Amino acid sequence: MLVLVAPGQGAQTPGFLTDWLALPGVADRVAAWSDAIGLDLAHFGTKADADEIRDTSVAQPLLVAAGILSAAALGDISGIAPGAVAGHSVGEITAAVFAGVLDDTAALSLVRRRGLAMAEAAAVTETGMSALLGGDPEVSVAHLERLGLTPANVNGAGQIVAAGTMEQLAALTEDKPEGVRKVVPLKVAGAFHTHHMAPAVDKLAEAAKALTPADPKVTYVSNKDGQAVASGTEVLDRLVGQVANPVRWDLCMETFKELGVTAIIEVCPGGTLTGLAKRALPGVQTLALKTPDNLDAARELVAEHTQA
């Protein structure tokens with residue numbers, strides 16, 4: 001069984017859209033999206049530097065656009081026939097397109113509002129996120145909570161990302177959980193998936209009122225709790241609320257295992273989620289769609305693991 005997954009914020013790198021824009025029809029499609037959401041996706045995906053695309057309001061639409069484009073280059077979703085789809089953080093919006101819950105224009109409009117609202121919420125207090133390397137997850141989570149930090153991403157394969165104020169994160173660096181080798185600050189603009197993002201929830205809920213979601217055509221796995229969600233309305237509700245709640249990618253991978261996953265393809269800019277899968281799901285074939293050069297290998301994987 002094939003699972004199609006989409007990465008979250010932090011996966012972007014300068015120029016990562018350049019090769020994709022050279023494919024037939026892609027530049028026109030990106031131009032239409034850019035006009036619709038008031039953001040020059042081609043510029044930011046090809047010419048902007050790392051600091052510019054670190055901006056939450058820019059990074060999130062870029063990631064969703066890249067995910068949709070790379071999956072479309074791979075083939076029509078009905079032809080790919082994944083057994084399940086899922087996304088990490090903002091990648092859940094990309095996955096909602098794969099599942100047919102939202103069309104691409106609605107998804108880009110929603111993610112633009114999401115990025116702006118989260119950037120505004122992040123500006124209220126100086127916050128950030130740090131990855132914990134090593135240690136026991138249960139011990140680490142309890143330690144983070146004592147410091148007032150949130151385990152904002154529980155990614156599986158022993159990886160946890162803490163989020164909170166810069167003072168709290170500094171305290172974590174000085175007082176690491178038992179067994180943690182290192183605390184690594186992440187290049188993100190705020191404490192995503194924590195209570196610091198609560199102001200963004202209301203704004204996103206208002207934006208969601210204009211959308212009419214369809215029920216998923218394939219199994220949609222939510223990173224709120226790793227559960228498969230069969231209602232388009234519930235998917236949209238979860239997309240709204242999830243900006244202020246932890247990402248449980250560990251539970252998503254447990255669900256993949258229960259569903260019988262045999263292969264995972266991560267859309268552009270892939271690499272993060274396939275890396276986690278290699279450690280947490282041994283024996284499952286993985287492929288990251290980084291550039292169009294990866295498309296032939298991805299199509300071979302689709303042919304081998306697709307559900308008729």
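Tryptophan 249 and phenylalanine 256 are both buried, and they make a good place to start in this predicted model. Their rings form an aromatic pair, with 5.8 Å from centre to centre. The planes sit at 80° to each other, and since anything over 60 degrees counts as edge-to-face, that is the label this pair gets. If you go looking for others, the count for the structure comes to one aromatic pair.

Now for the charged side chains. Side chains of opposite charge can pair when their charged atoms come close. How many salt bridges does the structure hold? The tally is eight, and a few of them are worth walking through.

Take aspartate 104 and arginine 29, whose side chains meet in a salt bridge at 2.7 Å, N to O. This pair links distant parts of the chain, with the two residues 75 residues apart. Aspartate 104 belongs to helix α8 (residues 104-122), while arginine 29 belongs to helix α2 (residues 26-37). So is each partner buried or exposed? Aspartate 104 has a relative accessibility of 18%, so it counts as buried, because the cut-off for buried is under 20%. Arginine 29, at 30%, is partly exposed.

Next, click over to helix α12, which covers residues 232-241. Here glutamate 234 forms a salt bridge with arginine 238, and the closest N and O atoms are 3.0 Å apart. Why does the spacing along the helix matter for picturing this pair? The two residues are four apart in the helix, so about one helical turn separates glutamate 234 from arginine 238. Glutamate 234 is partly exposed at 34% relative accessibility, whereas arginine 238 is buried, with a relative accessible area of 14%. The story doesn't stop with two residues, either: Asp225 joins Glu234 and Arg238 in a network of salt bridges.

For one more example, find lysine 209 and glutamate 206. Their side chains meet in a salt bridge too, at 3.2 Å, N to O. Lysine 209 is exposed, with a relative accessible area of 64%, and glutamate 206 is partly exposed at 46%. The exposed label starts over 50%, which is why lysine 209 earns it at 64% and glutamate 206, at 46%, does not.

Note on methods. Residues are numbered from 1 along each chain as its sequence is written. This is a predicted model: local features need pLDDT of at least 70, side-chain atom pairs count only at pLDDT 80 or more; totals for chains, interfaces and linings use all residues. Side-chain values use heavy atoms; hydrogens and water are left out. A salt bridge is a side-chain nitrogen of Lys or Arg within 4 Å of a carboxyl oxygen of Asp or Glu. Buried means under 20% relative accessible area, exposed over 50%, partly exposed in between (1.4 Å probe, protein chains only). Rings of Phe, Tyr and Trp (its six-membered ring) pair if their centres lie within 6.5 Å; planes under 30 degrees apart count as stacked, over 60 as edge-to-face and the rest as tilted.
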